[in-house]
Amino acid sequence: MDPTRTAVGTWSGGRFMHFGEALDDERFLSLIRPGGGIDTVLTADTYGQGEADRLLGRALEGLSRDSFSLVGAVGHDFYDGQRQGAKGFPRFTDAALRGPDDYAAYLRMAAERSLERIGADAFDLLLLHNPDRTGYTSKAVWDGMAALRDAGLTRLLGVAPGPANGFTLDVIDCLERFGDRIDWAMVILNPLEPWPGELVLPACANHDVKVITRVVDYGGLFHGDPIGLGERDHRAFRPAGWIEAGQEKIERMRPIAERLGLTTLQLACAWNLSHEAVQTVVPTLIQEAGGRPIEEHRAELAALPGVRLSDDEVAELRAIGDNTGSMALKGAAADHEGEPLPDRWALTPELEEVGARYGVEGSDLRQQVATRLNGR
C-alpha cells in the first residue's frame, strides 16, 4: 500500500523524541499500530538506535501486511559512528566513516537490519533520512538506494530532509539530479510554517514526487492543549514567545475551521493536503502534561474529513501564518562561509541556477530579521 492521507510516526508519544510526556509500552504500541483510520506508520532506524523499530514490530503483530503502509528511514550511522551530543549520530556519508565505494553496502545493511527488527520483508517506502550535502548530490548514494528497490527491500524511494527546517534548494537539486529514482519527499509544512516548505512543492509536482508533510501540528499548538516545556523537550529550540504568537494566529484561523466543521488540527491537515503534490500528513502526537489524552489526538487525526480548501482559504490561512524569513535555515545558505557542516553549507552557483528555474532565489531563503517570530 502507498502512504495514505493520514499517518503516525514513531517519533510521536515522547519515547524517542522528547515531546511532552513519554507513554508506557502499552499506550505507545496502541498509538503507532495502524488501523482505525490511520493506515500508514513511519519509523527511522536511528530512533532509540533501533528500539523504535523493535517496538513497531510488536505493534504490527497480527496485522495483515497488505493492510498498512510501512515507511522507513535510514541515513544516520549509529553502528560505526559516535554520537555527537544533541546533534545525534553522523550521516553514513561522513568521510571519517567511509567513502563512496561503501555507500551501497551500508544502505543495504541498514535497510536489512531495520526490517529484521520490525519483522517485515520489505518497506513500502524507504526514505534517505536527513542527508548531508553528499547525500543530496552523490550518484553513489542514489545508486545504492535504487539497488535496495531492485533487491525488493522497498517498493518506493524518497528523501527526508532535516532535522531542522530548510534544505530547499538542496531538495530541488536532488530531484533535478535523481528524480527518476525518487517517488516521495517529506518536508515540514503547516499553516504557521508555510515557508520554506512551500517552495519545493512545484519541483515535486514537476517531477511527479509525492509529498509527506510533518510538523503539521506546529509543535503541538494545533492540538489546542496547554504546552509546558520540560528541560529536554524537543521544542525548546524554538524562539521565545512562539507559543503565544502561534496561539494568537490560530485564534484568527479558528473561524475558518468552525465554518468547515474542522478542529484546528484538522484544519492544518486540510490546508496541507490542499496543496498540489501533498498526499500525506503526519503530525506529531503529543501527550502534554495536563492535556487531553493522546488517544483523542489520534482519533481526531483518523477522523480527518476529505475537505479540500478553496484557493482563497489557502491564501487567507497562509497570510495569517506567514513566517517568511523568520528563522535561519539549514542546507545551502547564502550566509554560510567556510567548510561545509553536516547540516549547513555554502550556496553554490549551480544551486542558484537550479533555484532560478523554480523562481527561488537566495534572498528567498535568507533570515530577514534575527528577532522576527513567525511573520510577527
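**Entry 1: Trp-11**

I started with the neighbours of Trp-11: leaving out residues up to four places away in sequence, Trp-11 touches Met-17, Phe-19, Leu-42, Tyr-47, Val-282 and Thr-284. Note to self: this is a predicted model. I then looked up where Trp-11 sits, and found this residue in the loop between S1 and helix H1 (25–32). Buried or exposed? Trp-11 has 7% relative accessibility, and the cut-off for buried is under 20%, so I put Trp-11 down as buried.

One of the contacts is polar: the side chains of Trp-11 and Thr-284 are joined at 3.2 Å. I also checked Pro-283 against Trp-11, C-alpha to C-alpha, and got 10.0 Å in space for a pair 272 residues apart in sequence.

**Entry 2: the sheet**

Next I traced the strands. In what order do the eight strands run? I read S1-S2-S3-S4-S5-S6-S7-S8, in an open sheet with parallel pairing. At the edges I have strand S1 (7–9) and strand S8 (278–282), each of which pairs on one side only. I looked up the twist too: ignoring direction, neighbouring strands of this sheet are turned by 25° against each other on average.

**Entry 3: S2, S3 and Thr-40**

I zoomed in on strand S2 (residues 40–42), which pairs with S3 in the parallel sense over three bridges. For Val-41 I noted Leu-70 as the bridge partner in S3.

How many of the six residues of strand S3 (residues 69–74) are buried? I count six of the six, so S3 is largely enclosed by the rest of the structure. I split them by face: Ser-69, Val-71 and Ala-73 are buried on one side, and Leu-70, Gly-72 and Val-74 are buried on the other, which leaves both faces covered.

Back in strand S2, I picked Thr-40. With 1% relative accessibility, Thr-40 counts as buried. I found a polar contact of 2.6 Å between the side chains of Thr-40 and Thr-4. Leaving out residues up to four places away in sequence, I listed what Thr-40 touches: Asp-2, Pro-3, Thr-4, Thr-6, Ala-7, Val-8, Ser-69 and Val-71.

**Entry 4: S6 and S7**

I moved along to strand S6 (residues 184–188) and strand S7 (residues 210–214), and logged five bridges in the parallel sense. Which residue in S7 is the bridge partner of Met-186? I have Ile-212 written down.

**Entry 5: helices across strands**

I checked two helices against the strands. Helix H5 (residues 139–150) lies across strand S4 (123–129) and strand S5 (154–160), and I got about 150° for H5 against S5. Helix H9 (residues 264–273) lies across S7 and S8, running at about 155° to S8.

**Entry 6: H6 against H12**

Last pair: helix H6 (residues 168–178) packs with helix H12 (residues 349–357) at an angle of about 85°, and I put their axes 9 Å apart. Angles of 65 to 115 degrees count as roughly perpendicular, so that is what I called H6 and H12.

Which residues meet there? From H6 I listed Leu-169, Asp-170, Ile-172, Asp-173 and Glu-176, and from H12 Leu-351, Val-354, Gly-355 and Arg-357. Sorting the contact of H6 with H12 by class gave me four nonpolar, one polar and four charged residues.

Note on methods
Residues numbered from 1 in each chain as written. Predicted model: local features only at pLDDT ≥ 70, side-chain atom pairs only at ≥ 80, totals over all residues. Heavy atoms only, no water. Pairing = 2+ DSSP bridges. Helix = DSSP H or I, 4+ residues; strand = E, 2+ residues; numbered from the N terminus. Axes fitted to C-alpha atoms, helices over the stretch in contact; angles between N-to-C directions. Contact = heavy atoms within 4.5 Å. Parallel < 35°, antiparallel > 145°, perpendicular 65-115°, else oblique. Nonpolar A, V, L, I, M, F, W, Y, C, P; charged D, E, K, R; others polar. Buried < 20%, exposed > 50% of the residue type's maximum accessible area, 1.4 Å probe, protein only. Polar contact = N/O pair within 3.5 Å; in protein donor to acceptor, adjacent residues only side chain to side chain.
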